[in-house]
Protein chains: 2
Amino acid sequence: VIIPVILCGGAGTRLWPASRADAPKPFLPLVAGCSTFALTLSRIADQTVFAPPVVVASAAHRRLVDAALSRAGITATVLVEPAPRDTAPAIAAAATVVADSDPSAILLVLPADHLIGDTKGFAATVAAALPAAEDGRIVVFGIKPDRAATAYGYVKPGAAIAGGAATVEVFVEKPDAATAEDLVAAGYLWNSGIFLMHAATALAEIERHAKPIAQAAREAVGGATAVGSLTLAADPFLAAPIISFDYAVMEKTDRAAVAAAGFDWSDLGTWAAVWEAADKDAAGNVASGDAVLVDTRGSYVSTTRPRIGVVAVEDVVVVASDDAVLVTSRQRADAVKTLVAAIDAAPEAVIGDFARHHRPWGSYQSLDLGEHHQVKRIVVAPGERLSLQKHAHRAEHWTVVEGVAEVTVGMTMDTLTTKTVQARESIDIPKGAIHRLANRGATPVVVIEVQFGDYLGEDDIIRLEDDYGRQAR
Amino acid sequence: VIIPVILCGGAGTRLWPASRADAPKPFLPLVAGCSTFALTLSRIADQTVFAPPVVVASAAHRRLVDAALSRAGITATVLVEPAPRDTAPAIAAAATVVADSDPSAILLVLPADHLIGDTKGFAATVAAALPAAEDGRIVVFGIKPDRAATAYGYVKPGAAIAGGAATVEVFVEKPDAATAEDLVAAGYLWNSGIFLMHAATALAEIERHAKPIAQAAREAVGGATAVGSLTLAADPFLAAPIISFDYAVMEKTDRAAVAAAGFDWSDLGTWAAVWEAADKDAAGNVASGDAVLVDTRGSYVSTTRPRIGVVAVEDVVVVASDDAVLVTSRQRADAVKTLVAAIDAAPEAVIGDFARHHRPWGSYQSLDLGEHHQVKRIVVAPGERLSLQKHAHRAEHWTVVEGVAEVTVGMTMDTLTTKTVQARESIDIPKGAIHRLANRGATPVVVIEVQFGDYLGEDDIIRLEDDYGRQAR
């Protein structure tokens, strides 16, 4: 049995402004409206080949994972990381969970942010790599380079072994441009980060070459709590070093093997790569959302909200989200990383933050910000509820516009009352009142919140109870 | 006495997305946060030289005019056009109003969308042109070309006459590029659209060369209604042909003269011109709003709301408003006109219209649009009120966040009740109820409106009474 292990850690910094801390790369609709996480799920949907997957994701993204699994109709074991620690601890935890029930299971480790168009070719490569994996090898999928990329590690295939795999002569970390040319000429392959191996092999090699990680994984899994998914115990997991599986294991183990991929591959690392992977019109443009292009060639234009008009330019990238706009050159789309660093270093925006923020219970978005008021749209997922909380500096007025809300409110813990608020009804939350918003129904609850106060910062919150273990303030 | 006549007709199509039908070019903060209308007012603020101005503006922009006049502390006669008919009818109406009280007054006609940095040089040119105007000439200000522009008409100065003016040998309409080169080489000046003349001269020459316009102006002024400003009678005014003063009078009259301008001039016709007129940083960039520029040169970046990140490009124009984004090349900023035509021809946006819309009573902006709800921010100016109205398909819930609102509501005209709604208070408007929102206070009233219904279009409105003469539906 092959158990896919899907790693959701890719942040996608160079895909700003679409990629954000709470909506990272694997969950963005980058490919014809589909996320690479959804496409990864579809790649392992054949139940004659693959068992239900293990998905490793950060706590912040559990809701995005659940929603995509539910849309795909796939049942998975979701391993929730208290915080991401790179791929070695994630793979160690997944291998530990799988080995507990079936040490002979084969793990197929798949980063959730890759694009592989050819599902058949992918399945063929898995089949070709299988004999080596069953023979106790850790098989990495190698991609035949189409350019001297500096963004990937390289691997040099050696002697042929069982099936379609070969031994690994050497791993090379991300090279400079000149070295990359040499590596491509010498027949090196890109290290895709896709691995096939026995759970037991993975654990043994981690134990041998990265003992603290094996231990952290054991303790984090041992102390895990199950709330719909399996949440790894925080203290031991966070004790694991932040390190990739390549550094921690692959560059050291004598069990490494490589299988040359028989499929096209992209990590959609930049907007240029997203453009490259998409269908283009006659002028070489890719446009999605409300975009009007005139006298424009070779460009990528995408918007989730504002109308974009582009005229008389060539090879540009324009990406707009609810609250931000990127403009760059397609040839230099890599530079977005520098831009994001500059933005992070820039002073706080004087205007409001109008992005949609994902939370364990759903999401919220600021719609309007005045001197003494703010308007938010709050979406509570079915079965979820916000923390029991109060605010020192603001009163709130809630109007339910979709679903049926359960609202608890009172000035003290002893006087709390709970009532049902239907769509089109409103309720006041006085300043200082203890309150909670919950969704007991089967469809989302959408609330328009009008806040009043002299201070409207997100940090004016005292949490008295929380389903998701968040801090009191 | 010199009476400035300020014409607010410039639409500024090539300044999309900042320029919109209800927020046209003269009222945009194009120059260091100031509008050209405000800068035009400051140019004629010297009361030893200029009498209070006459401002001619479309009914749709009366509130923008009033607000700017009030900020500038200038009292003006505002002539409200039911709809714009180009400059000849506007000048005819202004001249008629002025001549009624003082036919010997000198009119200084100023388009409200020009940038003239040198107020002293401007005053000097007015002084130089004055003797010719007093002598019964219509003096147009001629601008010394700094390039072979095809966007302006040209005028050829002839023999010197009184003061610093000259006769006009010939007017040339907007030329092609080759002709423009020849005209510049031959010493032609740009026709600025700034005129100095006796009110009586203007009327006499309009009467002689464009009789229907003189008549339309007389009847429109005769039938005008005064509501804070002077609203021209619609039927006669709209009977005037749509034509510029240049075509209607200047190219025909024998009273034409020209005064060479002793000041720098820009009509800020494109974003490139706005960039040209602004202070630039060391990299040649102009940025306003929440913009972060990295490795970018020679570019103009402006935003009223979304954060804009620009990286690794040169000579681009990026302009973002609440609901739309423009990206173009600075060298080809002229092409925005083509883009706007394409946008106007494009199908309705699938997403909502999130622009701020100006109305005679204030403004509104959609903040959120769901399948069965919409959220709007409504701003009612002091002393103004919306129409008495009802909606067939939606209920509304209003929460006042600033000011004190007066709300009238009832299911029939006989059962209307009026109450005061303070900030932080809410009120329901049931579906089908007759209602009205008014501001009796001295500061703006801001209301967050949540609409509920299966149909939320702007056209679901039946007006029972309206202060601004708008139609019932």
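A residue counts as buried under 20% relative accessible area and as exposed over 50%, with partly exposed in between. Keep that scale in mind as you look through these close-ups of a predicted model.

**View 1. Asp467(A) and its partner Arg385(A).** Let us begin with Asp467(A), which has a relative accessible area of 40% and is therefore partly exposed. Arg385(A) forms a salt bridge with this residue, and the closest N and O atoms of the pair are 2.9 Å apart. The two residues come from distant parts of the chain, 82 residues apart. Look for Arg385(A) in the loop between β20 (373-380) and β21 (388-390) of chain A, and for Asp467(A) in the segment after β28 (462-465) of chain A. Arg385(A) is partly exposed too, at a relative accessible area of 23%.

**View 2. Asp467(A) again, now with Arg436(A).** Here the side chains of Asp467(A) and Arg436(A) meet in a salt bridge, at 3.7 Å from N to O. This pair also links distant parts of the chain: Arg436(A) sits in strand β26 (residues 434-438) of chain A, 31 residues from Asp467(A). Is Arg436(A) buried or exposed? Its relative accessibility is 5%, so Arg436(A) counts as buried.

**View 3. A salt bridge within helix α6 of chain B.** Arg208(B) and Glu205(B) form a salt bridge, with 2.7 Å between the closest N and O atoms. Both belong to helix α6 (residues 199-209) of chain B, and because they are three residues apart, about one helical turn separates them. Compare their surroundings: Arg208(B) is exposed, with a relative accessible area of 54%, whereas Glu205(B) is buried, with a relative accessible area of 3%. Over all chains, the structure holds 44 salt bridges.

**View 4. Where chain B meets chain A.** Now step over to the contact between the chains, which takes 52 residues from chain B and 53 residues from chain A. About 4700 Å² of area is buried between them, and carbon and sulfur atoms give 64% of that area. How many residue pairs are in polar contact between chain B and chain A? There are 19 such pairs, counting those with both residues at pLDDT 80 or more. Several elements of chain B each supply at least two residues to the side that touches chain A, among them β13 (291-297), α11 (336-345) and β27 (445-453). The largest share of that side, seven residues, comes from β15(B). Sorted by class, the side of chain B that touches chain A has 31 nonpolar, nine polar and 12 charged residues.

**View 5. Strands pairing across the two chains.** Strand β15 (residues 307-314) of chain A is joined to β17(B) by five bridges, and the two strands run parallel. To find one of these links, pick out Val310(A): its bridge partner in β17(B) is Val327(B).

**View 6. Charged side chains linking the chains.** Four salt bridges are counted between chain B and chain A. In one formed across the chains, Asp295(A) pairs with Arg332(B), and the closest N and O atoms are 2.7 Å apart. Which residues are linked with Asp295(A) in a network of salt bridges? Arg297(A), Glu314(A) and Arg332(B) are its fellow members in this network.

How values were computed
Residues are numbered from 1 along each chain as its sequence is written. Chains are lettered from A and ligands numbered from 1 in the order in which they are written. This is a predicted model: local features need pLDDT of at least 70, side-chain atom pairs count only at pLDDT 80 or more; totals for chains, interfaces and linings use all residues. Side-chain values use heavy atoms; hydrogens and water are left out. Contact means heavy atoms within 4.5 Å. Buried area is the accessible area (1.4 Å probe) that two parts lose on being put together, summed over both. A polar contact is a pair of N or O atoms within 3.5 Å; within protein, one must be able to donate a hydrogen and the other to accept it, and residues adjacent in sequence count only if both atoms are side-chain atoms. Helices (H or I, at least four residues) and strands (E, at least two) are DSSP runs, numbered from the N terminus. Ala, Val, Leu, Ile, Met, Phe, Trp, Tyr, Cys and Pro count as nonpolar, Asp, Glu, Lys and Arg as charged, and the others, Gly among them, as polar. Two strands pair if DSSP finds at least two bridges between them. Buried means under 20% relative accessible area, exposed over 50%, partly exposed in between (1.4 Å probe, protein chains only).
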